[in-house]
Amino acid sequence: MGEDTKTSVKESQEEGRQEMWRSIEIVGSVEKWASTVVVGDELNFIPPLNFAMVDNGVFRSGFPHSANFSFLQTLNLRSIIYLCPEPYPEANTEFLKSNEIRLFQFGIEGYKEPFVNIPEDTIREALNVVLDVRNHPVLIHCNRGKHRTGCVVGCLRKLQRWCLSSVFDEYQRFAAAKARVSDQRFMELFDVSSVPISFSCSNK
């Protein structure tokens, strides 16, 4: 093999190694949050379905599973608001205990239109938990993070004096094709004057 060929092969191998490490570095830094998936020496964390930050100290998502626990630990949660009537799974309960996270459960049935019955009193109680900064950081979740969670967040936005079109835009961004007219009607008619405001939050 000639010197030129050896040099070419050596350069090609070196470029290959550099590209491999570049790929590992990129993959390792794509997600700021992600659950114990190791890429090279990087740890990634997997957020729950439909996860998003609502405001300072307030988050929303779908139902968190064990693969999401490492991610949730990065949030340093004090509380979780669970909007489904089913008992919290044992694995999730153990996670809460080991991380000293308080569970607030407000059991809202997951009906489908046209048989939707959103209990205003329950939404108001959930909002009172959200508004109490002693519960922050807090995660609000239901099953998919769309309808029940969307209604609580939508009513919070009304308290924040968001215009109704912005409230609906946010709701539809998470509900997508599953958006419900009944949910949006509920948010529109929700009486914010019945909720004491003790939460400094952003307006839109």
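**Close-up 1. A charge over a ring: R60 and F174.** A charge counts as sitting over a ring when NZ of Lys or CZ of Arg is within 6 Å of the ring centre and within 35 degrees of the ring normal. In this predicted model, R60 fits that description: R60 lies over the face of F174, 3.7 Å from the ring centre.

**Close-up 2. The nonpolar core around I81.** Here we're looking into the largest nonpolar core, which has 48 residues. The members that touch the most others are I81, L83, I123 and L127. Skip the neighbours within four places in sequence, and I81 is still in contact with F104, F106, A126, V129, V130, V138, L139, I140 and H141. That kind of gathering has a general background: in soluble globular proteins, nonpolar side chains tend to be buried together.

**Close-up 3. F63 meets Y88.** The model has seven aromatic pairs. In one of them, the ring centres of F63 and Y88 are 5.6 Å apart and the planes sit at 50°, so this pair is tilted. The pair ties together distant parts of the chain, with the two positions 25 residues apart. F63 is in the loop between strand 4 (58–61) and helix 2 (69–73), while Y88 is in the loop between strand 5 (79–82) and helix 3 (90–98). F63 counts as buried at 11% relative accessibility, and Y88 counts as buried at 11% too.

**Close-up 4. Y88 again, now with Y82.** The rings of Y82 and Y88 have centres 4.7 Å apart and planes at 55°, so they make a tilted pair. Both Y82 and Y88 are buried.

**Close-up 5. A phenylalanine cluster.** F51, F59 and F71 are linked into a cluster by ring pairs.

Methods. Residues numbered from 1 in each chain as written. Predicted model: local features only at pLDDT ≥ 70, side-chain atom pairs only at ≥ 80, totals over all residues. Heavy atoms only, no water. Core = buried A, V, L, I, M, F, W, Y, C linked by side-chain atoms within 4.5 Å. Buried < 20%, exposed > 50% of the residue type's maximum accessible area, 1.4 Å probe, protein only. Contact = heavy atoms within 4.5 Å. Phe/Tyr/Trp six-rings, centres within 6.5 Å; stacked < 30°, edge-to-face > 60°. Helix = DSSP H or I, 4+ residues; strand = E, 2+ residues; numbered from the N terminus.
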